[in-house]
Amino acid sequence: MRGYWLPLTLLAVAAAMSFLLSVTVGSASVAPADVWAVLTGQGTELQRTLILELRVPRTLAALATGGLLAVAGALMQVLLRNPLADPYVLGLSGGAAVGALLAMLAGLGGLVVSGSAFAGAMIATVLVFGLAHGTGSWTPSRLLLTGVVVAAGWGAIITLMLAISPAQRLPGMLYWLMGDLSYAGTPWLAITVLVVACLLVLPLGRSLNVLARGPMQAAALGVAVRPLEWGIYVVASLLTAVAVTTAGSIGFVGLVVPHMLRLVLGNDQRLILPACALAGGILLVLADTLARTIIAPEQLPVGVITALLGVPTFLLLLYRSR
Amino acid sequence: MTRLQTTELIIDVPGRDDGRPLSLNIEPGQVWGVLGPNGAGKTTLMHTLAGLRAPRSGEVLLDGQPLLALKRRQIARHLGLVFQERQDGFPATVLETALIGRHPFLSSWQMESADDLALARRALTRLDVAHLADRLVSTLSGGERQRVAIATVLTQSPAIWLADEPTNHLDLHHQIAVMELLTEEAVNGRAVFMCLHDLNLAARWCNHVLLLYPDGEACWGPAQQMLVPEALESLYGQRLATTELDGAPVFVPVR
């Protein structure tokens with residue numbers, strides 16, 4: 001277990017601290033002592049409403065969504081053996097958003113929207129990977145170009161749908177596109193999916209380490225490559241779809257978080273995947289706290305903050321990958 | 001004692017006629033050298049024998065069982081392959097790379113034990129790369145990487161070694177060291193099957209030889225019978241001068 005617990009414990013402590021920060025800070029600050037009072041069943045009516053009904057669900061949603069996106073990104077990077085893969089860059093979030101908007105346009109809600117977003121993410125996955133899969137390997141430039149072009153296609157469809165949809169549906173639809181946690185409802189679906197997905201992929205950690213060395217090498221070392229690759233496809237798409245249904249399309253978390261962690265912790269997926277689940281959550285909670293406070297009482301969509309972090313990271317990676 | 005057999009095997013080289021079906025018996029203790037010009041299908045044969053590629057017809061049998069009916073994990077416990085080409089993907093250290101040779105022997109939740117680590121370190125020492133254990137593979141020279149790849153298969157410790165040009169990129173001394181390592185494996189009851197470009201290494205270290213021609217024609221047998229100048233000259237389309245040194249033939253191309 002060479003030093004797996006130390007980084008994970010540190011990250012868990014950091015996650016708890018970011019949670020506390022996010023709950024105390026905002027348009028109206030609450031002292032940590034008062035937060036503790038509310039969490040243990042005391043405090044004033046106003047504080048209880050503010051914390052238990054607004055900030056805690058929103059923070060939990062941020063924690064789970066960030067984890068979902070970071071794990072999805074890390075999985076795709078192993079699958080494609082390419083550190084630039086990310087659900088947002090490859091247009092998967094766009095596909096999920098189109099699926100969700102279609103359902104909303106038809107006046108459906110709840111589970112149908114989630115299912116439709118999942119279908120959209122899957123279609124986008126198959127489309128991008130299928131088109132980019134040339135004569136045997138996913139070359140970085142080809143994959144990225146395909147992803148960018150397909151994402152542009154999703155963008156056009158989204159604009160079309162916005163143009164023809166009735167005005168009263170527009171605000172709800174716009175939230176998908178900006179990546180905003182203020183509309184996040186109950187966080188439990190995201191949390192459950194994140195925990196289940198982590199339990200599913202953790203035993204595959206060593207197989208993923210071998211897969212990262214190429215499909216032939218992995219097969220020669222006893223990995224059933226095809227089933228593993230398809231499993232990862234489905235899980236990564238599912239994680240993306242759930243993240244998008246919770247908080248809209250938030251970009252670059254899946255790119256920035258695994259990259260940072262690999263720099264510090266190396267590339268053992270048994271450590272990187274759980275670390276991504278925690279660190280992705282931390283990043284999104286902090287970004288959302290920033291988005292809520294920077295021009296308080298107005299709020300920024302959190303997608304703006306992650307993009308401001310993500311774009312330079314992406315460019316740096318691209319620059320160094322030659 | 002594990003053996004690898006092929007029955008009427010025709011490898012699938014795109015756009016080539018079937019040629020001669022291969023019925024090979026690769027037994028413990030044997031060291032096979034596969035010789036042939038570029039594009040004769042040596043790598044395709046290696047991949048087919050490892051079950052990574054389906055043959056056009058015929059079968060590969062591992063201890064009498066068809067390879068394609070076995071689980072990859074089952075195969076990997078008996079059969080190791082040194083690839084000619086490797087992708088880097090993500091950065092990994094030399095020790096981590098050697099350690100993945102234990103993958104087929106560990107269950108999902110199991111971590112590598114101290115024994116696994118010791119095996120990997122011993123393999124690195126054997127290949128003379130132990131001092132590089134903490135370096136990233138991507139920072140090594142071609143020959144060092146080749147030795148790390150061989151150390152990974154040595155950590156895997158298979159009963160059957162398939163090696164696609166194991167002496168690629170190696171300097172003279174390490175070429176001999178690797179040939180000695182593979183011979184030692186055979187003496188310890190393993191079977192070794194490797195592609196070579198150097199006739200003289202084959203003449204000195206291999207006891208069985210398979211000649212693969214570009215048109216799919218093939219012949220195989222004990223090394224002394226196969227390594228005759230006429231056969232080799234027609235194999236490579238190159239005139240050879242032959243002499244003898246320490247009881248083994250030496251082949252030198254002539255202008």
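The following paragraphs describe the central sheet of chain B, the helices that lie across it, one exposed residue and the contact with chain A, as they appear in a predicted model.

In chain B, six strands form an open sheet of mixed pairing, and their order across the sheet is β6-β7-β8-β3-β9-β10. The edges of this sheet are formed by β6 and by β10 (218-222) of chain B, each of which pairs on one side only. From one strand to the next, the twist averages 15°.

The pairing can be followed strand by strand, beginning at the β6 edge. Strand β6 (residues 79-82) of chain B runs parallel to β7(B), and four bridges join the two; within this pairing, B:Leu81 has B:Leu162 of β7(B) as its bridge partner. On the way into the sheet, β7(B) pairs with strand β8 (residues 191-195) of chain B, again in the parallel sense, over five bridges, and here B:Asp164 is matched with B:Cys195 of β8(B). Strand β8(B) also pairs in the parallel sense with strand β3 (residues 31-35) of chain B, in this case over four bridges. The bridge partner of B:Val34 in β8(B) is B:Cys195, the residue that also serves as bridge partner to B:Asp164.

Strand β7 (residues 160-164) of chain B is mostly covered, since five of its five residues are buried. The residues of β7(B) point in two directions, with B:Ile160, B:Leu162 and B:Asp164 facing one way and B:Trp161 and B:Ala163 facing the other, and all of them are buried.

Two helices of chain B lie across strands of this sheet. Helix α1 (residues 42-49) of chain B lies across β3, β6, β7, β8 and β9 (208-212) of chain B and runs at about 155° to β7(B). Helix α5(B), in turn, lies across β6 and β7 of chain B, where it runs at about 175° to β6(B).

Helix α5 (residues 142-156) of chain B also meets helix α4 (residues 114-126) of chain B, and the axes of the two helices come within 8 Å and cross at roughly 140°. Because of this angle, α4(B) is oblique to α5(B). The crossing in which α4(B) passes α5(B) is right-handed. On the side of α4(B), the contact is made by B:Leu119, B:Ala120, B:Ala123, B:Leu124 and B:Arg126, while α5(B) contributes B:Ala151, B:Leu154 and B:Thr155. Sorted by class, the residues of this contact comprise six nonpolar, one polar and one charged.

B:Pro66, a residue of strand β5 (residues 65-66) of chain B, has 12 C-beta neighbours inside 10 Å and therefore counts as exposed. When its neighbours within four places in sequence are left aside, B:Pro66 is in contact with B:Glu59 and B:Leu61. The C-alpha atoms of B:Pro66 and B:Gly51 are 9.6 Å apart in space, and these two residues are 15 residues apart in sequence.

Chain B also touches chain A, with 21 residues of chain B in contact with 18 residues of chain A. On the chain B side, helix α2 (residues 72-76) of chain B gives the most to this contact, with four residues. The side of chain B that touches chain A consists, by class, of 14 nonpolar, four polar and three charged residues.

Conventions: Residues numbered from 1 in each chain as written. Chains lettered and ligands numbered in written order. Predicted model: local features only at pLDDT ≥ 70, side-chain atom pairs only at ≥ 80, totals over all residues. Axes fitted to C-alpha atoms, helices over the stretch in contact; angles between N-to-C directions. Parallel < 35°, antiparallel > 145°, perpendicular 65-115°, else oblique. Left-handed = near helix turned anticlockwise from the far one by under 90°. Contact = placed C-beta atoms within 7 Å. Nonpolar A, V, L, I, M, F, W, Y, C, P; charged D, E, K, R; others polar. Buried ≥ 20, exposed ≤ 12 C-beta atoms within 10 Å, placed from the backbone. Pairing = 2+ DSSP bridges.
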